[in-house]
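Work through the exercises below with the model open. Try each task before reading its solution.

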Amino acid sequence: MKIYLDGKLVEKEDAKISVFDHGLLYGDGVFEGIRAYNGRVFRLKEHLDRLWASAKTINLKIPIQQKDMEKAVIETLLSNELFDAYIRLIVTRGCGDLGLDPIKCTMPPSLVIITDTISLYPEELYGKGIEIITVPTRRMTQDSLSPNIKSLNYLNNILAKMEAVRGGAMEAIMLNSEGYVAECSGDNIFIVKNGTLYTPPGPEGALLGITRDAVMELAKNKLKIPVREERISIYNVYNADECFLTGTAAEIVPVVSVDSREIFNGEPGKVTINLIKEFKDLTRSTGTPIK
Ligand SMILES: *Cc1c(COP(=O)(O)O)cnc(C)c1O
């Protein structure tokens, strides 16, 4: 397996970064998770735009142009002959000393592209749906660190994931500091109620997912149902007609139970099933061609 590291394709065993990189020392860096389907990279430009936005927010200058990053992604996929893949893009702060100050990071940021195949949940759960729980760890708030930055510092989400697994669930609902629903540990959350699709807006603590965007478009344009980005409570989730999660890694996964409350009749709903189908069509027929 070839890994892209700072402009070169190297073997997995040789893809190494210094222990003085602030990405390791402090989680100081940004990342993206992208997928390729059927020989096309889905919404590559949107992912790169978000990577650049995350980097800008933490005042990290990515040392190459977006066009060259696009080429690097394609090159890495080609060298691994991957046409259906998960792509992990990482930009670290670079090597510094043991202090916090990134001014000491005189080496340029490291760029890493890993391409592989993953599926987040076992295949049968996409048909059956998953059971999730609300966890104690709250989603960090805008007034400490923007939850919209896709940063290498993922401890907030990792703690939530561990709490879910410890509680016997596959995924965690994270509330914000006000007690409203923010998102799951690495996925956005949606509910359907009386034919309308709802999802929490960015300021509630939701990372603005690209799958989330695609699903909102499909709901409006293909399913012709209203979509509202609105504050939702856990009460709204328990009493929803349908619930599902979205993310690049997870794709669209139905939720059939939340905190032991069955969602409607405990089976994936119609809107969810239709969105999964529309999303499959969209991902197979659009995107940046690899060849
Ligand atoms: C990446 C991510 C998502 C999902 O975003 P996509 O662009 O759909 O992959 C949701 N929540 C968090 C915390 C994330 O890091």
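The exercises cover the domain interface first, then single residues.

This is a predicted model, in which local features need pLDDT of at least 70 and side-chain atom pairs count only at pLDDT 80 or more, while totals for chains, interfaces and linings use all residues. Residues are numbered from 1 along each chain as its sequence is written, and side-chain values use heavy atoms, with hydrogens and water left out.

**Exercise 1. The two domains**

Task: State the domain bounds and describe the contact between domain 1 and domain 2.

Solution.
- Step 1. Domain 1 spans 2-116 and domain 2 spans 125-285. The bounds come from an automatic or database domain assignment.
- Step 2. Taken over C-alpha atoms, the centres of domain 1 and domain 2 are 26 Å apart. To the contact (heavy atoms within 4.5 Å), domain 1 brings 26 residues and domain 2 brings 22 residues.
- Step 3. Interface size is often expressed as the accessible area lost when the parts come together. Here domain 1 and domain 2 bury about 2000 Å² between them, with 60% of it on carbon and sulfur atoms. Buried area is the accessible area (1.4 Å probe) that two parts lose on being put together, summed over both.
- Step 4. Of the area that domain 1 buries against domain 2, 30% is supplied by Phe-31, Arg-43 and Arg-50, more than by any other three residues.

**Exercise 2. Polar links and the domain 1 face**

Task: Find the salt bridge between domain 1 and domain 2, then describe the side of domain 1 that touches domain 2.

Solution.
- Step 1. The count is 1 salt bridge between domain 1 and domain 2. The term means a side-chain nitrogen of Lys or Arg within 4 Å of a carboxyl oxygen of Asp or Glu.
- Step 2. Arg-43 and Glu-217 form a salt bridge through their side chains, at 2.9 Å, N to O.
- Step 3. Between domain 1 and domain 2, 11 residue pairs are in polar contact, both at pLDDT 80 or more. A polar contact is a pair of N or O atoms within 3.5 Å; within protein, one must be able to donate a hydrogen and the other to accept it, and residues adjacent in sequence count only if both atoms are side-chain atoms.
- Step 4. At least two residues each come from helix H1 (22-26), strand S3 (29-37), helix H2 (44-57) and strand S5 (85-92) on the side of domain 1 that touches domain 2. S3 gives the most, with 8 residues. Helices (H or I, at least four residues) and strands (E, at least two) are DSSP runs, numbered from the N terminus.

**Exercise 3. Thr-283**

Task: Is Thr-283 buried or exposed, and which residues does Thr-283 contact beyond its neighbours within four places in sequence?

Solution.
- Step 1. Locate Thr-283 in helix H8 (residues 270-285).
- Step 2. Thr-283 is buried because its relative accessibility is 2%. Buried means under 20% relative accessible area, exposed over 50%, partly exposed in between (1.4 Å probe, protein chains only).
- Step 3. The contacts are Tyr-37 and Phe-42.
- Step 4. Ala-36 lies 247 residues away along the chain, yet its C-alpha is 8.1 Å from that of Thr-283.

**Exercise 4. Three loop residues**

Task: Place Asn-38, Glu-81 and Asp-28 in their loops.

Solution.
- Step 1. Asn-38 sits between S3 and strand S4 (40-41). Its phi is near 55°, positive in a residue other than glycine. Asn-38 is partly exposed, at 37%.
- Step 2. Glu-81 follows helix H3 (66-79) in the loop to S5. Its phi is about 50°. Glu-81 is exposed, at 64%.
- Step 3. Asp-28 lies between H1 and S3. Asp-28 is buried, at 13%. Its side chain makes a polar contact of 2.9 Å with that of Arg-93.
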